[in-house]
Amino acid sequence: MSSVTIRLPRQGAGLALLQKYGVYLAIVLILVANLIVTPNFFTIDNLRTQLVQVVPVLIVALGMALVIGTEGIDLSVGAAMAMAAAVLPLYIGYGFVPALIIALVAALVIGLTNGVLVAFVGVQPIVATLSLMVAGRGLALLVAGEQLRPVIDPTVLALGRGTVFGVPWAVLIAAALVAIIAVLVNRTTFGKQLVAVGGNRRAAELAGLPVKRILLVIYLVCAVLAAVAGIIGTARLAASVPSTIGNLIELSAITAVVVGGTPLSGGQVKIAGTVAGALLLQIITATLVKHNVPDAYSQIIQAAIIIVAVYIQRGKVFTK
């Protein structure tokens, strides 16, 4: 079949700048607005609270950015969080490290299933991960006996509530993961291969890249990151609540990634933009809460942000 290339009208410099720096400009504008209209927004306690609250979305968004970079999507990240949260208290009696490993492995099963379905069976990512979104959370509820389980282990609780020189452990963990994923994407051969697969999978296969293995690894990494977010969320609550933990977090993660400049068409991964996107969502949510706006409006705003971001980031060239 012949290839037909359609070129859209040339984008202006203003739109190009908006694509590249729009998320950072939005953060600055909202912060300035809060400085004017929101009392006590810039107190140390409030800023620390916002950083802690953004951690789960940020960590999940890092994995989502990798998946979207391959032109995929992962709707099962909330289920992976729930699975890790359900398993952790069951094995904490054996010690923190064994319980942590088992929780991560439990979430890995979800990522492995996603990766096999997408890479080897050929199921569309949205279909594969949608099925695991439902089945994974159901399995997590069965593992937990559909009960809330308290978590009292001090090491686990420190992950969500402890600090080092005033900096929360959760924030330090998130910062470390951001650095690791940034190096993976920008400084390693695997990162270049990931981007190549997302840019043109057929060309990557013809070039001899291990496309299936790359896709499998990406979904595994995404599940592990979601599990880490689930463990930190459990530590913050001091309880395992698989029925609610991670609900709709896939929406927030996708929003953060897309707003940060990673296109849904794949071929690019913007880690700094993803971090900025997650912070933007948190600032918006905090602003609405400070002004007593119902949470439902926050979800509507997130949906609107996705539409605007996808429109701004739309490609210039389409091939069919």
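**View 1. Helix 13 and the lining of the largest cavity.** Helix 13 gives the most to the lining of the largest cavity in this predicted model, contributing four residues. It does not do the job alone: helix 12 (271-290) and helix 13 (295-312) each supply at least two lining residues. If you would like to find the spot yourself, look for L281, I284, T285, S298, I301, Q302 and I305, which line this cavity. How much space lies in the largest cavity? The answer is about 30 Å³. The count of cavities of 30 Å³ or more comes to one. Rolling a probe the size of a water molecule over the atoms shows where empty space is left.

**View 2. G277, a buried glycine in helix 12.** Staying with helix 12, we come to G277. Is G277 buried or exposed? With a relative accessible area of 0%, G277 is buried, because buried means under 20%. Which residues does G277 touch, once those up to four places away in sequence are not counted? They are V23, A256 and V259. For a sense of distance, pick out V195 as well: V195 and G277 are 82 residues apart along the chain, and 20 Å separates their C-alpha atoms.

**View 3. Helix 2 from end to end, with its kink.** Helix 2 covers residues 44-69, which makes 26 residues. Here is a small calculation to follow: at 1.5 Å a residue, helix 2 should span 38 Å, and its end C-alpha atoms are 35 Å apart, which agrees. Where is the kink in helix 2? Look at V55, shortly before the proline P56, where the helix bends by about 40°. Of the 26 residues in helix 2, 19 are buried, so this helix is largely enclosed by the rest of the structure. Helix 2 is followed by E71, a residue with a positive phi, near 70°.

**View 4. A salt bridge within helix 2.** How many salt bridges does a search of the whole structure find? It finds two, and this view shows one of them, where the side chains of D45 and R48 meet at 3.2 Å, N to O. Both D45 and R48 belong to helix 2, where they sit three residues apart, or about one turn of the helix. D45 has a relative accessibility of 55%, so it counts as exposed. R48 has a relative accessibility of 30%, so it counts as partly exposed.

**View 5. A salt bridge within helix 9.** Now try tracing the pair E205 and R202, whose side chains meet in a salt bridge of 3.6 Å, N to O. Both lie in helix 9 (residues 201-206), three residues apart, about one turn of the helix. How open to the outside is each partner? R202 is exposed, with a relative accessible area of 52%, while E205 is partly exposed at 38%.

**View 6. T129 and its contacts.** Our last stop is T129, found in helix 5 (residues 125-143). T129 is buried, because its relative accessible area is 0%. What is T129 in contact with, leaving aside its neighbours within four places in sequence? The residues to look for are I73, D74, L75, S76, N114 and Y219.

Definitions and conventions. Residues numbered from 1 in each chain as written. Predicted model: local features only at pLDDT ≥ 70, side-chain atom pairs only at ≥ 80, totals over all residues. Heavy atoms only, no water. Expected span 1.5 Å × (residues − 1). Bend = angle between axes of the 7 residues up to and from the residue. Buried < 20%, exposed > 50% of the residue type's maximum accessible area, 1.4 Å probe, protein only. Contact = heavy atoms within 4.5 Å. Salt bridge = Lys/Arg side-chain N within 4 Å of Asp/Glu carboxyl O. 1 Å grid on protein atoms, 1.4 Å probe; cavity = no way out; pocket = protein on both sides within 12 Å on 5 of 7 lines; lining within 4 Å. Points joined across faces, edges and corners; volume = space filled by probe spheres on them.
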